[in-house]
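Me: Hi! I've got a structure open and would love to talk it through with you.

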Amino acid sequence: MNALTGYLRQSGTAIRFLFLATVVLGLAYPAAVFGVGQLVAPYQANGSILRDGAGAPAASALIAQVKDDDGTQDPAWFHARPSAVGWDPASSSASNLGPNDAKLTDAVNANRAAVAEAEGVQPSDVPADAVTASGSGLDPGISPEYARLQVPRVAAAHQLGTEAVQALVDKNTSSGLAAFLGQPTVNVTALNLDVAAAGPPRS
Amino acid sequence: MAFNAPSFLIQVAALVLALAAVHKPLGLYLARVFDGTASSRPERLFYRLAGVDAGSEQAWPTYLRSVLVFSAVSILAVFALQRAQGLFPGSPALPGVDPWVAMNTAISFVTNTNWQTYAPESTIGIAVQMLLLAVQNFLSAAVGIVVAVALIRGIARTRTDRLGNFWVDLARTSFRILLPLATLAALVMVLGGVVQNFAPTDVTNSATGVSQVVPGGPVASQEAIKVLGTNGGGYFNANSAHPFENPNALVSLFQVFLILLIPSALPYAFGRMVGDQKQGHTIAGVMATLWLASTALTGWAVATAQGTATAAAGGIGEGFESRFGPASSAIFAASTTLTSTGAVNVAHDSLPPLAGGVAMVNMMLGEVAPGGTGSGLYGLLILSIISVFIGGLMVGRTPEYLGKKIGPTQMKLAALYILVTPLLVLTLAGITVLLPDAMANAPATGPHQFSEVLYAFTSGANNNGSAFGGITTSGPYLSTMLGAAMLLGRFLPIVLVLALAGSLARQARIPASTGTVPTHGPLFGTLLLGVTVILTALSYFPALALGPLAEGLLK
């Protein structure tokens, strides 16, 4: 009986403690971070939204934005890495296939053939990031090598010079400390917005 | 993707230097919080409203009862309110969570595991993330810390049955340690690009005509405590591989630093509280040695880029984010499994087999390098007691630890502690591989399929929460079995630790004699290291041989 009343009294304390802690840690804390974040860094806090020439929100600089037809990316634009979720920002996932999985080998080989054909290069010239699905499925970055392969195709589609397009690639290539700690990447989402501003695709 | 060795080495060195610089001031602060008696005015109000008698201390059975009652109430509340999600506002509006998933998730977050058997984007809305999951990120981390503190008090105190007051310890740890650190970390993360808002953003690219709904949410506030409290439950399905949780490699390195921060400062607090700083240095030294060895091994295993599919791709890439790459992700993978975190910035299922194997070994070590918040320290203190016993047997001395006699009672508790997790992992994984219906949830074949199951139960019972994501665990069987693994893997060790703390506190201190085995210095550190590796990791050797070793060596 004593043990039972002990448990009951403890339960009451536990419920009140949990409720009060929720007010502080579940409401006040995220609200405070939100408030300071909106004051100090509204661009980052709201999803690093890039705007088009008219000032309308066009994309998030952190999320891949892909124009595709059933998984085949539009040849007029720079292509992002393969995605296990079809580049849908309402979800995020890797393929979760093992390093010896035959399904993964097949997918990689198919991707390699498709990229080689789209860019008109040898299959052996296609870098690994172009044929492998990213961890999130929303990776906006590609390697500078993969971007270089795509320059002639995109330049032709927009009737731009390859030097001009390569300059846009270089502008959107990460550098500095973050690029050293990770790897240098080309932000495809931002790059395609720059390409659009430079010239519309030839229809 | 090429493995950048200079970048890898510089990041490892930066982490070691940063932690070496902050572990002392933070450790001193932690010790002051745990040893302090005065309450601030808001704390006194909090205690009055919660009905806590802050002046009274508890004996170990009462302390344990408080831990268990608080955790049970938390599990029930998190379960019930997930089921009632439809009543909460928020965008996107989501219905109540499936009962199996809700049960598994409630256990998962209260036990500091943060295994995620659901895809948050389509299952868990803003209100549940903020009010239930993020709050448990704080409280479950705090529970781990206060249990470690109770054990330290058991060692430090003499001739008493009092270990402290659970409610006061819990409140102090949450509000004086975790909350200020998390607030600071969250603001740094917002500056680095992590999202903190309450609604999605509609975007339309006028040149391509592509429209997207860019997700929003209180991500930075949750992310900060996710890593700081070694929780690991992501706001998004892809966890720290998601660009909104982890926008660049600098933020990623900061997250690894936060993962290691509290666990590596606790040994200093321990040394302070037992009045012998050398004890803390030795524990920290063992943690650092294991962390360095395992991180180096992970880096090597990732750099080998083993695997037929990896070879077909021309190198590392599958499951990796381009902005991180192999070096950054190897460091993250090692640190998240050497602690009870389980956040990931790379899909572990697609790691080269031996790198996946090292991640499993890291958890099998009992996550003690530096381990979960609190659980890493109490794990290593138990292993110290076992080392003292073994060392005492070797030289024919009566084992004692910091002036406390290690008798049959203490040894039984320590031995049971060491046995609980391997028993859970191997039994539950063993049963599961015999059930064809359960194995259908892991569509991989051969050793990799076994690895996925072994990883799941290792992660669950050790309260890690990272996964070989190829296995689907939302069905009734696996969500229940993994729920059991998480629950027993968390609370059985806590029962044993608190019982041990109680038995040590009652003793008088024996003065050190020439017969005392010193428990500091390189000699004892090496013994402790050996005991940790032999006792824990080797329990799993046959299982590892069937999974990652078979996959990695037989190619």
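Me: At what angle do helix α5 and helix α6 of chain A pack?
Reply: Happy to help! Bear in mind that this is a predicted model. Helix α5 (residues 144-157) and helix α6 (residues 162-171) of chain A pack at an angle of about 135 degrees, and their axes are 9 Å apart.

Me: Are α5(A) and α6(A) parallel, perpendicular or oblique to each other?
Reply: Oblique, because about 135 degrees falls in neither the 65 to 115 range nor over 145. The crossing of α5(A) and α6(A) is right-handed.

Me: Which residues make that contact?
Reply: On α5(A), the contact is made by Ala147(A), Val151(A), Pro152(A), Val154(A) and Ala155(A). From α6(A) come Thr162(A), Val165(A), Gln166(A) and Val169(A).

Me: New topic: how is chain A divided into domains?
Reply: Chain A has domain 1 (1-49) and domain 2 (63-198). Taken over C-alpha atoms, the centres of these two domains of chain A are 41 Å apart.

Me: Nice. How many residues are in the largest nonpolar core?
Reply: That core has 254 residues. Those with the most contacts inside it are Val147(B), Leu151(B), Leu228(B), Val497(B), Leu498(B) and Ala501(B).

Me: And which helix gives the most to this core?
Reply: Helix α6 (residues 126-156) of chain B, with 23 residues. Chain A takes part too: the core draws at least three residues from each of its domain 1 (1-49) and domain 2 (63-198).

Me: Last one: leaving aside its neighbours within four places in sequence, what is Leu498(B) in contact with?
Reply: With those set aside, Leu498(B) is in contact with Trp60(B), Tyr63(B), Leu64(B), Val147(B) and Ala150(B). Of these, Val147(B) is also among the residues with the most contacts inside the core.

Definitions and conventions: Residues are numbered from 1 along each chain as its sequence is written. Chains are lettered from A and ligands numbered from 1 in the order in which they are written. This is a predicted model: local features need pLDDT of at least 70, side-chain atom pairs count only at pLDDT 80 or more; totals for chains, interfaces and linings use all residues. A nonpolar core is a set of buried Ala, Val, Leu, Ile, Met, Phe, Trp, Tyr and Cys residues joined through C-beta atoms within 7 Å. A residue is buried if 20 or more other C-beta atoms lie within 10 Å of its own, exposed if 12 or fewer, and partly exposed in between; C-beta atoms are placed from the backbone. Helices (H or I, at least four residues) and strands (E, at least two) are DSSP runs, numbered from the N terminus. Domain bounds come from an automatic or database domain assignment. Two residues are in contact if their C-beta atoms, placed from the backbone, lie within 7 Å. Axes are lines fitted to C-alpha atoms, for helices over the stretch in contact, and angles run from 0 to 180 degrees between N-to-C directions. A crossing is left-handed if the near helix is turned anticlockwise from the far one by less than a right angle, and right-handed if clockwise.
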